[in-house]
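This report looks at the ligand site and then at the pockets of the structure shown below.

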Amino acid sequence: MTDNTKKSIHGEWSSRFAFILAATGSAVGLGNIWKFPYITGENGGGAFVLVYLLCVVLIGIPIMMAESMLGRRARQSPINAMQTLAEEAKADPNWHYLGWLGVVAGFLILSYYSVIAGWSIAYVFKAFIGSFSGGDAKDMQDLFAEFTGSPLSLTFWHTIFMVTTMSVVARGVQGGLEKSVRFLMPGLFVLLMLLVGYAMTTGSYQRGVDFLFVPDFSKITSNVVLTAMGHAFFTLSLGMGAIMAYGSYLPAGDSIAKTSLLIAGADTAVALLAGIAIFPLVFSNNLAVGSGPGLIFQTLPIAFGNMPGGWIVGILFFVMLVFAALTSAISLIEPAVAWLVENHGCNRKQACIWSGTLVWFLGLGTVFSFNSWANVKFFDKTIFQLLDYLTANLMLPIGGFCIAIFAGWIMSQANSESELELSNPVYYQVWQILVRYVSPAAVFLVFLHVVGVL
Ligand code: TRP
């Protein structure tokens with residue numbers, strides 16, 4: 001049975017619904033609306049999307065169940081959770097380094113995430129002052145290039161976003177998070193549907209949809225597969241302890257399987273809708289599908305500038321994007337903050353100031369990689385590209401692999417079975433096969449392929 005007496009010192013969600021909201025808030029973010037479309041464009045479309053969807057089902061959902069389960073059982077920050085669970089299973093204490101890997105990954109991701117979230121805040125204001133009005137593709141490309149060319153502007157908006165994030169995190173898990181997600185998700189859905197409606201009027205709707213859903217297998221390389229797998233982890237917030245931290249605030253006795261399915265379903269729906277809204281615009285304006293991280297900032301404003309009521313739709317869209325980014329950013333820093341509170345006697349506010357300042361500094365690397373340091377490259381990648389590759393393609397899959405191994409092989413079967421409380425023993429077996437064999441083997445094989453062993 002779940003240990004009902006054990007509670008997290010950081011508080012608890014008011015209900016399972018609150019956990020669903022918070023975890024969905026973590027999952028749905030820039031990854032769905034900004035990253036998914038541009039990496040789909042860079043990686044050739046349909047075949048990439050197919051591999052990504054397969055990874056969500058076969059690797060993402062089972063690992064999401066594993067992460068929530070480990071968190072709820074230990075009721076501590078990921079670093080301490082792994083330590084406690086390793087002791088409980090009489091396993092090697094070095095497992096707590098898995099928690100560390102997650103904290104580092106969270107810092108690195110947030111450092112660039114915050115810069116892109118800063119772009120979104122800036123675009124709220126651009127929408128407001130009418131910068132998109134009547135604009136064509138060329139105008140929007142110029143607007144974006146001019147904006148990202150300024151280190152000062154990017155630093156300014158990055159700072160605003162980090163300060164906002166840290167002040168929300170300082171208030172703790174229940175402060176505001178539950179409420180904001182409750183309005184955010186339905187709002188985002190409605191706006192994306194509106195944009196899909198606009199995409200239908202562009203004349204390139206079918207072409208956009210085909211690009212997303214008709215796979216061209218000749219586009220598949222080992223790096224395309226690695227990127228798709230990495231994105232499955234990224235978009236579901238897996239592999240670094242975010243969901244573990246959130247799981248540690250989950251009241252006992254709630255179904256982890258159902259919540260994981262719901263979260264993965266909502267997350268995937270938002271990403272696909274974003275893709276369906278964006279690619280028709282890309283084709284009807286003769287833009288390059290592989291234009292990179294600026295893709296949504298160069299396409300959607302064309303829609304806002306030319307559709308009826310576009311002024312208000314544009315403002316609302318970027319406001320929602322900022323909120324979606326905020327609810328994700330919170331989960332990227334929560335493991336570190338919870339650990340500082342547990343082990344260093346900091347209060348949440350101090351923990352936020354320390355970790356937030358560090359992330360802010362790291363973020364300057366990304367700021368400059370879009371202008372002054374655009375030519376500074378390591379392994380042929382800018383600082384931003386390197387951070388993205390290192391975290392999404394390497395650290396998260398490695399973290400996820402270890403989580404799967406721990407949940408499938410190290411934790412006792414009796415404990416995982418009682419913690420998951422699946423209604424049917426067959427479901428437990430399916431989950432076990434997935435975390436024991438399928439997900440770790442998939443990650444391992446993709447890695448072998450990328451380094452050229454296979
Ligand atoms: N999933 C979020 C997105 O798609 C980003 C995110 C939040 C994340 N927490 C995470 C990614 C933890 C990896 C790990 O925007």
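## Polar contacts of the ligand

In this predicted model, a backbone N or O atom of L30 lies 3.2 Å from an oxygen atom of the ligand. The ligand's nitrogen atoms are also engaged: one of them has a backbone N or O atom of F234 at 2.8 Å, and the side chain of S331 places an N or O atom 2.9 Å from a nitrogen atom of the ligand. The ligand on its own has 360 Å² of accessible area, and the protein covers 100% of that area.

## The shell around the ligand

The ligand is surrounded by 17 residues, and those that come nearest are A27, G31, Y113, F234 and S331. By class, the shell consists of 9 nonpolar and 8 polar residues, with no charged residue among them.

Several helices contribute to this shell, with at least two residues each from α1 (16-27), α2 (30-42), α5 (96-128), α10 (222-235) and α14 (310-344). The space that the ligand takes up is the largest cavity.

## The largest pocket

The largest pocket, with a volume of about 500 Å³, has a lining of 21 residues, and Y38, E42, K381, Q385 and D388 are the ones that lie nearest its centre. Two or more lining residues come from each of α2, α10 and α16 (383-410), and among the contributors α16 gives the most, with 6 residues. Two of these helices, α2 and α10, also each supply at least two residues of the shell around the ligand.

In terms of residue class, the lining of the largest pocket is made up of 8 nonpolar, 9 polar and 4 charged residues, whereas the shell around the ligand has no charged residues.

## The second largest pocket

The second largest pocket has a volume of about 360 Å³. Of its 17 lining residues, M65, A257, L261, L422 and Y427 are the closest to its centre. Helices α3 (46-74), α12 (256-284) and α18 (425-451) each provide at least two residues of this lining, and α3 gives the most, with 5 residues.

The lining of the second largest pocket contains 13 nonpolar residues, together with 2 polar and 2 charged ones, while the lining of the largest pocket has 8 nonpolar, 9 polar and 4 charged residues.

How values were computed:
Residues numbered from 1 in each chain as written. Predicted model: local features only at pLDDT ≥ 70, side-chain atom pairs only at ≥ 80, totals over all residues. Heavy atoms only, no water. Near = heavy atom within 4 Å. Polar contact = N/O pair within 3.5 Å; in protein donor to acceptor, adjacent residues only side chain to side chain. Areas by Shrake-Rupley, 256 points an atom, 1.4 Å probe, with all protein chains shown as cover. 1 Å grid on protein atoms, 1.4 Å probe; cavity = no way out; pocket = protein on both sides within 12 Å on 5 of 7 lines; lining within 4 Å. Sits in = over half its atoms within 2 Å of the grid points. Helix = DSSP H or I, 4+ residues; strand = E, 2+ residues; numbered from the N terminus. Nonpolar A, V, L, I, M, F, W, Y, C, P; charged D, E, K, R; others polar. Points joined across faces, edges and corners; volume = space filled by probe spheres on them.
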